[in-house]
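Let's take a friendly walk through this two-part story, from overall layout down to single residues. Keep the viewer open as you read.

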Amino acid sequence: MNKILIIEDDRTLCAELSNLLEKSGYAVECIRDFSNAYMQMEASDADLILLDISLPGENGEALLQKYRKVKETPVIMLTSRTEDMDQVLSMSYGADDYITKPYNPTILLLRISAVLKRTAKTVQTEMYRDIRVSFLKGSLARGGQEQILTKNEMIIFQVLFDRQGEIVSRDDLMTALWDNEEYINDNALSVNISRLRGKLAELGAPDAIETRKKQGYVLK
Amino acid sequence: MTVSGFIKDRVPGLVIRAVALAVIIIFLAAFAVPFQAILAVTIVFVMAATAFELWEYYRKKKFYNRLVKALEELDKKYLISEMLEAPGFLEGDILVDTLVECDKSMAENVAAYRRQNKEFREYIELWVHEAKLPLASMRLMCRRSPEIENKMAVQLGRIDDYIENVLYYARSENAERDYVIKETSLKKTFGNVAVKNREALQMIDARLETSGLEINVLTDGKWLEFILGQLMANSVKYRSEERPVVINVYAEESGTAATLRFRDNGIGIPAADLPNVFEKSFTGANGRKDSKSTGMGLYIVKNLCDRLGHGISIESEEGVYTEVTLTFNKNDFYTPR
């Protein structure tokens with residue numbers, strides 16, 4: 001289980017963030033006392049840090065700058081500032097991503113998992129049942145049989161696969177697609193899912209994606 | 001200063017001197033002073049008076065003509081006190097002192113307003129920042145009830161939009177340069193806008209078509225995001241109920257510039273209103289139909305484009321479409337204001 005450290009001084013927001021992340025299967029640690037935020041930040045063994053820019057005392061950019069000299073743990077900046085300069089600065093100080101408030105929760109989760117994946121340098125292929133999933137090639141293979149997925153199908157499969165066994169709402173799938181600049185509508189999503197089902201069926205997994213009425217889909 | 005104007009101004013003095021001369025002549029005549037003596041006195045008197053007036057005329061003319069000319073040439077008239085030389089006569093000295101005092105007082109006044117303005121802007125920036133925190137919390141909270149999440153997200157999105165409007169209005173009215181121009185990916189910038197508006201677009205079942213966005217332009221990413229967000233909001237607001245909503249965004253690059261076209265198939269803008277849509281508080285015929293129009297959106301957009309040095313134009317046919325074109329200059333021709 002990946003552990004995430006939240007450095008955010010707004011109590012409500014911090015609590016809501018913890019709630020969201022815990023429900024999505026992360027362990028969460030929060031900083032409550034900001035008098036020595038940096039010490040706690042450096043001492044933490046988290047796999048990823050969510051860092052607010054405006055903090056009491058030292059601001060997030062300064063913390064990040066110091067932290068990067070010592071540790072490589074991925075950092076995602078969260079901010080309500082809307083200046084390009086802040087983003088440019090944060091990225092130059094070594095932030096892995098930058099998200100402005102109010103953020104879409106699904107996108108936040110997607111970005112977190114993307115950053116974690118990128119830094120974990122996971123193998124480019126993973127196994128789903130006896131099907132080999134190649135994210136780089138965008139294909140599914142079983143034995144000598146290979147099915148090439150379109151970009152949309154791959155995005156859908158990846159979201160379902162990352163949350164295997166959980167119900168994934170159509171909205172979450174939509175958000176993931178739109179976040180990848182694929183602006184499809186509701187009908188097109190249905191079409192893509194049925195195509196993906198077809199391809200999975202070819203590979204001997206016709207029951208892989210189950211529809212839960214009014215809730216979404218589950219990859220079994 | 002003209003001769004006739006000067007003489008007119010001196011009439012009382014001249015009249016008094018003429019009367020005095022007449023009285024002197026009558027006196028001298030009464031004491032039976034010889035005619036030649038009276039003539040000599042009169043000539044001396046008139047010559048002295050004339051010489052004095054001429055001297056008076058020339059030294060004043062020199063000062064005031066310079067003043068008038070300097071005032072004409074200045075485009076910032078309030079700088080006049082900096083342009084004057086010492087006049088060397090009483091009224092002139094008083095005038096110059098007055099102008100200098102006035103200027104000083106005005107400068108203090110302007111500085112006070114400027115400070116007030118700056119403080120207000122800083123407060124707005126801070127306020128926007130603060131207002132976004134509860135918004136972010138609420139956005140996370142509404143995830144707990146999936147059945148209303150989208151509807152809530154749309155409404156929260158609207159609040160966020162209004163908040164940003166205030167921020168960018170304050171920014172666009174400010175003379176300070178607080179933007180960062182850099183190579184910005186149109187695809188990514190538009191992507192952020194699209195994701196932000198996804199729920200709203202999906203609720204009206206709008207189709208979003210893009211092409212050619214794989215280019216970089218020189219702009220401030222956040223400002224451009226706001227601009228595109230406003231255009232998107234307009235397309236949603238002024239959609240036509242008669243047909244499915246289609247929003248077309250396409251970009252192309254030519255030798256010296258890149259253009260981004262943002263086109264919808266909404267209700268369009270009446271030809272009579274079209275030239276005025278970028279004006280402050282202009283709502284037009286469409287605005288009167290929709291009570292939510294403030295007439296500020298496109299005004300702010302135009303202002304931001306002007307400041308970034310981007311071109312913006314609008315084309316529309318009532319009942320058919322509206323198309324806004326943004327033009328981004330390439331490096332060599334880039335001239336921000």
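## Strands and the four-stranded sheet

Two strands count as paired if DSSP finds at least two bridges between them. This is a predicted model, and with that rule in hand we can begin with a sheet in chain A. Four strands form an open sheet there, in the order E6-E7-E8-E9, and the pairing is antiparallel. Why do strand E6 (125-128) and strand E9 (145-148) of chain A each have one side without a neighbour in the sheet? Both stand at the edges with a single partner strand each, so one side of each is left free of a neighbour in the sheet. On average, neighbouring strands of this sheet are turned by 25° against each other, direction ignored.

Inside the sheet, strand E7 (residues 131-134) of chain A and strand E8 (residues 139-142) of chain A pair in the antiparallel sense over 3 bridges. If you want a spot to click on, A:Val133 has A:Leu140 as its bridge partner in E8(A).

## The three-stranded sheet and its helix

Chain A also has an open sheet of 3 strands, in the order E10-E12-E11, again with antiparallel pairing. Strand E10 (167-168) and strand E11 (209-212) of chain A stand at the edges with a single partner strand each, so one side of each has no neighbour in the sheet. E10(A) pairs with strand E12 (residues 216-219) of chain A over 2 bridges, in the antiparallel sense. Within that pairing, the bridge partner of A:Ile167 in E12(A) is A:Val218.

Helix H6 (residues 151-162) of chain A packs on this sheet and touches E10, E11 and E12 of chain A. The direction of helix H6 makes about 70° with that of E12(A).

## Chain A as a whole

Stepping back, chain A has 8 helices and 12 strands. The C-alpha trace of chain A spans about 60 × 35 × 30 Å along its principal axes. Of the 220 residues in chain A, 38% are buried. Among contacts in chain A between residues at least 6 apart in sequence, 54% join residues at least 24 apart.

The domain assignment splits chain A into domain 1 (3-120) and domain 2 (125-219). The centres of these two domains, taken over C-alpha atoms, are separated by 30 Å. Their contact takes 5 residues from domain 1 of chain A and 5 residues from domain 2 of chain A. On the domain 1 side, the touching residues divide into 2 nonpolar, 3 polar and no charged.

## Chain B: domains and strands

For chain B, the domain assignment gives domain 1 (3-106) and domain 2 (181-333). Here the centres, again taken over C-alpha atoms, are separated by 66 Å.

Strand E4 (residues 246-253) of chain B has parallel pairing with strand E2 (residues 207-211) of chain B, through 5 bridges. In this pairing, B:Arg207 has B:Val246 as its bridge partner in E4(B). E4(B) is also joined by 7 bridges to strand E5 (residues 257-264) of chain B, and these two run antiparallel. E4(B) and E5(B) form a hairpin with 3 residues between them, and B:Ile247 has its bridge partner in E5(B) at B:Asp264.

## Where the chains meet

How many residues does each chain give to the contact? There are 30 from chain A and 31 from chain B. On the chain A side, the elements that give two or more residues are helix H1 (11-23), helix H4 (84-92), helix H5 (105-120) and helix H7 (170-179) of chain A. By class, that side has 12 nonpolar, 8 polar and 10 charged residues.

## Inside and outside

In soluble globular proteins, nonpolar side chains tend to be buried together. The largest nonpolar core here has 96 residues, of which A:Ile7, A:Leu50, A:Leu51 and B:Ile227 touch the most other members. Helix H7 (residues 221-237) of chain B gives the largest share of this core, 7 residues. Leaving aside residues up to four places away in sequence, A:Leu50 touches A:Ile4, A:Ile6, A:Ile7, A:Glu8, A:Leu17, A:Ile76 and A:Leu78.

Is B:Lys289 buried or exposed? B:Lys289 has 11 C-beta neighbours inside 10 Å, and therefore counts as exposed. This residue is found in helix H8 (residues 284-289) of chain B. The C-alpha atoms of B:Lys289 and B:Tyr238 are separated by 9.9 Å, although the two are 51 residues apart along the chain.

Notes. Residues numbered from 1 in each chain as written. Chains lettered and ligands numbered in written order. Predicted model: local features only at pLDDT ≥ 70, side-chain atom pairs only at ≥ 80, totals over all residues. Domains from an automatic or database assignment. Contact = placed C-beta atoms within 7 Å. Nonpolar A, V, L, I, M, F, W, Y, C, P; charged D, E, K, R; others polar. Axes fitted to C-alpha atoms, helices over the stretch in contact; angles between N-to-C directions. Core = buried A, V, L, I, M, F, W, Y, C linked by C-beta atoms within 7 Å. Buried ≥ 20, exposed ≤ 12 C-beta atoms within 10 Å, placed from the backbone.
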